[in-house]
Amino acid sequence: MFYRHTVADRFLEYVKIDTQSDPHSATIPSTEKQKNLSRRLVDELRDMGIADAHLDEWGYVYATIPSNSEKPVPVICFCSHVDTSPDCSGKDVKPIVHRKYDGNDIVLPDDLSQVITTKEHPYLREKIGEDIITASGKTLLGADDKAGIAIIMDLANYLITNAAIKHGTIKILFTPDEEIGRGVNKVDIKKLGADVGYTLDGAKRGSYTDETFSADGVVVTFFGVSIHPGYAKDKLVNAIKVAGTFLDLLPKNDFSPETTGLREGFVHPVHVEGMTEKAAVEFIVRDFDTKNLLKHESRLEEIAKLAVSRYPGASYTFDVHEQYRNMKEVLVKYPQIGENVVEAMQRAGITFHRESARGGTDGSRLSFMGLPCADIFTGEMAYHGKQEYVSIQDMQKSVEVLIHLVQVWEERS
Ligand SMILES: [Zn+2]
């Protein structure tokens, strides 16, 4: 049957609403303006007939599309985030649709130095003939993650207007503050009541992410001996210098984000602070294999010891705290989550690509909070910057995949 997708029209409206989050704010959500989009989404869901759609006190949107199946089917949650990155302005976004993209570099009209080139963005070469949406040169676009929002909204519209499509209960969740790492802090997993989840926050057509880094934070603190510098001979030990030696001893050719890729892990200093008496270096430690975190941490501690050994009288402490864990550790117990996506993509006529994210996602945290959750593509590319773009056809394909996916879950239940 013929269905006119609403995903692009919705997307073009949602990106005009500024929803930038703010890491320096202590409020929940971090910026009040995120609710401007969330309220609109609630109104649109209610207009579709989804009666329980609501915005909670923390800025989360919850909604339920009731099951129309006679069978018990696992409850599926689809989740996206309303906020955009603090790295680039999201105010007064002027989306531009480049119809039937011709394969040339795209010059953004409001800042001619902003050129989206096929050299830097080779994926664009696969998009010739499609309709590409960009911003105008002064802001990001916000496809991360308003593409995901528009896709889920179009799915809801499709299911409501096509009652013949059989599906179980579907939960919709729109979160604030994902970009500042607080996206799932106030999710009420019990109230949500879903068995499995999918975030819609991925990139290329066909990509499916069921693996993220495992992550620890480490603080290495060096202690010196502080003496009045006029009378310090043979007594003073400067903790700042110990920290400097330590940083210099870090390997130059491996062990760092700038020298590793694919499946390699790393340690990465992110903050230094110090005085003569005490200096601290904060690290993030990352690897796909949680066991390797311990190896990286022992190697880092050996380097700290070596630095301290060069400064008699100095000492150190080494504190590790867990940040998040690879979602795969949870998802391996729920093979259907991936298998059903493989089948749905096949029915949608696209090639399935399993990806590993060299970072964390809301899905990795949700998975450990009790909602096993992988990620499906939206088409959002070059996010967090002015050269962000998305293909309308990729967004439509993502909707199509979800339509098949809810049916696959129903059929296989
Ligand atoms: Zn995102």
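Reader: What spacing do the donors of the zinc ion follow along the chain?
Author: In this predicted model, the donors of the zinc ion follow the spacing H-x62-D-x56-D along the chain. The pair D144 and D201 links distant parts of the chain, 57 residues apart, with D144 in helix α3 (residues 143-161) and D201 in strand β9 (residues 196-202).

Reader: And which atoms coordinate the zinc ion, and at what distances?
Author: The zinc ion is coordinated by NE2 of H81, by OD of D144 and by two OD entries from D201, at 1.9 to 2.5 Å.

Reader: What is the site of the zinc ion like in its angles?
Author: The angles among the four donor atoms run from 55 to 142°, and the site of the zinc ion is irregular. It does not count as tetrahedral, because that would need all angles to lie between 85 and 135 degrees.

Reader: Is D144 buried or exposed?
Author: D144 counts as buried, because its relative accessibility is 6%.

Reader: Switching to cysteines, how many disulfides does the structure hold?
Author: The structure holds zero disulfides. C79, for instance, is in no disulfide, and the nearest cysteine sulfur, that of C77, lies 5.6 Å away.

Reader: What about C373, why is there no bond to C79?
Author: The closest cysteine sulfur to that of C373 is in C79, but at 6.1 Å it is too far for a bond, because a disulfide needs the two sulfur atoms within 2.5 Å.

Reader: Are those two cysteines, C79 and C373, buried or exposed?
Author: C79 counts as buried at 3% relative accessibility, and C373 counts as buried at 1%.

Terms used. Residues numbered from 1 in each chain as written. Predicted model: local features only at pLDDT ≥ 70, side-chain atom pairs only at ≥ 80, totals over all residues. Heavy atoms only, no water. Buried < 20%, exposed > 50% of the residue type's maximum accessible area, 1.4 Å probe, protein only. Donors = N, O, S within 2.8 Å, 3.2 Å for Na, K, Ca; no water. Tetrahedral: all angles 85-135°; square planar, octahedral: opposite > 155°, others 65-115°. Helix = DSSP H or I, 4+ residues; strand = E, 2+ residues; numbered from the N terminus.
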